[in-house]
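Q: Can you walk me through this one? I'd like to start with how the strands line up.

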Protein chains: 2
Amino acid sequence: MTRNLLNCNMSQTFGSVGCLKLSCRFILCTGTNINIGGKLAAKHYTIRSNNFLFDTVVCDNGYSANKAIHVRHSLIQKRLFFYSTLCTKEAILSGETDRYNGVWVDMTKNSLSEDDLTKVLLASLEAWKKDKIKAVWLQVPLSRGTVFSVSSKFGFQFHHAEGEKALLYLWMNTQQESRIPIFATHQVGVSGMAVRDDTKEVLVVKDKNRPFQLWKFPGGLSDLGEDIAATAEREVFEETGVKTEYQSVLAFRQQHKPPGAFGRSDLYVICRLKPLTYELNPCQEEIESCRWMSLEELKSEVQATSLTHIMAELVLYGLRHGFQQVDITSYQMASIYKGLKFHIFHRPFGS
Amino acid sequence: MTRNLLNCNMSQTFGSVGCLKLSCRFILCTGTNINIGGKLAAKHYTIRSNNFLFDTVVCDNGYSANKAIHVRHSLIQKRLFFYSTLCTKEAILSGETDRYNGVWVDMTKNSLSEDDLTKVLLASLEAWKKDKIKAVWLQVPLSRGTVFSVSSKFGFQFHHAEGEKALLYLWMNTQQESRIPIFATHQVGVSGMAVRDDTKEVLVVKDKNRPFQLWKFPGGLSDLGEDIAATAEREVFEETGVKTEYQSVLAFRQQHKPPGAFGRSDLYVICRLKPLTYELNPCQEEIESCRWMSLEELKSEVQATSLTHIMAELVLYGLRHGFQQVDITSYQMASIYKGLKFHIFHRPFGS
């Protein structure tokens with residue numbers, strides 16, 4: 001167990017104190033009333049009192065640290081008294097400040113006990129308050145249970161968490177409403193209408209394990225970082241075995257708190273795809289049935305939603321008058337953030 | 001500290017055993033090799049061994065429980081031997097099963113120690129594995145640090161977390177890839193182009209505290225559960241003091257991992273708004289400057305992005321040829337999920 005969150009190397013400030021070389025990786029100095037006590041653990045010695053705590057006293061002369069510390073007690077006491085004042089500033093968690101005057105602290109390597117963390121966090125929050133820090137962010141791995149329970153007592157909350165990592169935050173300004181932005185609010189689902197111009201048919205599926213047995217367009221959730229067009233092509237292929245090429249967005253839907261979205265909202269984007277293959281090879285696990293259905297049939301199919309009917313009508317209109325009448329087209333542009341690109345979707349227009 | 005996660009009332013199965021009435025709120029029976037030991041704590045008595053653990057033995061005849069348990073040792077031993085077999089099923093965490101064969105366990109009221117939780121979770125996972133449970137979900141409050149550190153050892157991960165609550169999960173089927181859906185992947189930002197038909201001007205702002213000093217359309221992130229149209233009207237009013245009425249969506253942009261999105265993606269929707277008031281009353285905290293700018297000026301304004309130029313062109317086209325040429329219109333529909341509604345956006349089309 002190393003405590004390398006704070007690096008206040010006491011070797012340099014103390015030098016060698018007789019047979020004891022002090023090499024403190026962590027030091028909390030909230031007072032000068034020093035009562036030394038502790039117990040031996042291999043080469044490492046921990047000294048605690050109500051007002052003074054430091055860790056990792058390395059005794060490198062072969063003496064038992066336990067013995068040595070008693071021998072040199074009076075000398076250490078004087079020196080600690082002096083240096084404790086100098087070191088007060090190091091008593092807080094170290095972090096990086098962002099441009100909104102927030103402090104970010106990585107707790108990954110922190111292994112303080114519940115008591116020690118409570119003291120350090122208290123001292124840190126006092127210092128940050130004086131510095132007019134607006135928000136404190138703690139990056140905490142799942143395994144560090146102590147950090148969660150201690151932070152909770154100080155009013156920290158989850159901002160978000162995923163996999164092994166959580167981000168906790170505390171809004172410091174009690175006079176002002178929190179300006180912490182909420183974490184992602186929407187899942188994005190994409191479905192693909194693979195339209196055959198020749199037969200005026202579209203690819204439809206019935207899902208397995210769903211409460212409603214309805215014909216729908218194959219589709220699913222976007223992976224993190226996946227473009228809308230890519231999700232449409234991937235999901236149609238995974239569910240039906242049909243290869244397609246993305247053409248345009250035809251419609252999108254915003255729905256709040258649908259089942260399965262963990263209390264978030266859903267943006268469901270319906271794309272128009274050009275089929276490149278026609279043979280059906282449905283996914284055994286997800287798909288109950290799969291077929292090419294005429295759009296005329298689909299627009300009044302009983303086992304389909306009103307939205308599916310409307311989409312069939314929209315595509316039939318496109319087949320009659322040209323898809324430029326219904327398409328929302330997209331192209332890639334460079335972001336103002338260096339190296340980033342984005343896709344912008346709008347109706348094609350002339351000059 | 002009460003242990004009311006499992007309610008296996010031993011009073012009924014044991015009845016009264018001489019002077020001892022057993023009232024176990026929690027029982028873990030993984031074996032029948034009973035070695036009774038423990039220490040007295042007020043009226044409650046805890047008995048532990050490697051293979052047997054139960055809690056809260058209430059001695060209600062006025063005798064010291066410590067004394068009573070020794071007196072009746074042999075009798076209890078026989079009865080425990082018998083009932084431990086019957087009670088094995090109660091040894092696991094209780095939860096609810098969903099339609100994907102996942103188990104959901106609310107850990108809010110669980111206050112087991114690290115050691116006890118480790119035992120219970122181990123037994124639970126073994127039982128769930130036998131039952132072919134596909135996924136285990138733990139709902140854990142921030143303050144319950146122990147649950148995080150113990151679950152972590154069993155391979156649980158964060159699915160998501162917010163405020164006081166986290167949801168952990170474990171995919172049980174090591175033979176099959178996890179089918180746990182990812183949590184929300186997108187934040188939704190909405191901006192509003194408040195267009196004056198008479199002067200062909202649009203409302204633009206410069207943000208404070210931003211790396212780029214550019215004219216842009218007022219806007220911001222959607223709150224959880226807020227409709228796109230509502231965000232546009234709210235943000236324009238908050239930032240500029242101008243009241244508007246939502247007309248249509250003109251464009252949307254998908255961008256992955258922009259700064260400030262916590263590693264998620266951004267969907268930015270640009271709406272067309274009809275201004276209802278014209279006086280500017282910019283937000284002192286967020287807005288550097290704010291003005292009505294001619295669209296002809298904006299389409300080549302140096303202090304604006306290419307996307308802003310394109311949007312100015314799009315609206316000018318709409319002013320010349322009618323907004324029905326550029327609008328993506330929306331209307332509300334009923335969802336197949338009872339009581340839910342959604343907005344669907346697509347191009348208006350005839351028959």
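A: Sure. This is a predicted model. Strand E15 of chain A, residues 244-256, pairs with strand E19 of chain B, residues 341-346. The pairing is antiparallel and runs over 5 bridges.

Q: Which residue stands opposite Ile344(B) there?

A: Arg253(A) does. Ile344(B) belongs to E19(B).

Q: Okay, zooming out. How many residues does each chain put into the contact?

A: Chain A gives 94 residues, and chain B gives 94 residues.

Q: And what area is buried between chain A and chain B?

A: About 8500 Å². Carbon and sulfur atoms give 64% of that area.

Q: What about charges? How many salt bridges are there between chain A and chain B?

A: The count is 6 salt bridges. One of them joins the side chains of Arg179(B) and Glu285(A), at 3.9 Å from N to O.

Q: How do the residues divide on the side of chain A that touches chain B?

A: That side has 46 nonpolar, 30 polar and 18 charged residues.

Q: How many residue pairs are in polar contact between chain A and chain B?

A: There are 29, counting pairs with both residues at pLDDT 80 or more.

Q: New topic: rings. How many aromatic pairs over all chains?

A: The count is 22. Among them is Phe148(A) with Phe158(A), a tilted pair. Their centres are 5.8 Å apart, with 40° between the planes.

Q: What does that pair tie together?

A: Phe148(A) lies in helix H5, residues 145-153, and Phe158(A) lies in strand E10, residues 157-162, both of chain A, so the pair ties together parts 10 residues apart in sequence.

Key: Residues are numbered from 1 along each chain as its sequence is written. Chains are lettered from A and ligands numbered from 1 in the order in which they are written. This is a predicted model: local features need pLDDT of at least 70, side-chain atom pairs count only at pLDDT 80 or more; totals for chains, interfaces and linings use all residues. Side-chain values use heavy atoms; hydrogens and water are left out. Contact means heavy atoms within 4.5 Å. Buried area is the accessible area (1.4 Å probe) that two parts lose on being put together, summed over both. A salt bridge is a side-chain nitrogen of Lys or Arg within 4 Å of a carboxyl oxygen of Asp or Glu. A polar contact is a pair of N or O atoms within 3.5 Å; within protein, one must be able to donate a hydrogen and the other to accept it, and residues adjacent in sequence count only if both atoms are side-chain atoms. Ala, Val, Leu, Ile, Met, Phe, Trp, Tyr, Cys and Pro count as nonpolar, Asp, Glu, Lys and Arg as charged, and the others, Gly among them, as polar. Two strands pair if DSSP finds at least two bridges between them. Helices (H or I, at least four residues) and strands (E, at least two) are DSSP runs, numbered from the N terminus. Rings of Phe, Tyr and Trp (its six-membered ring) pair if their centres lie within 6.5 Å; planes under 30 degrees apart count as stacked, over 60 as edge-to-face and the rest as tilted.
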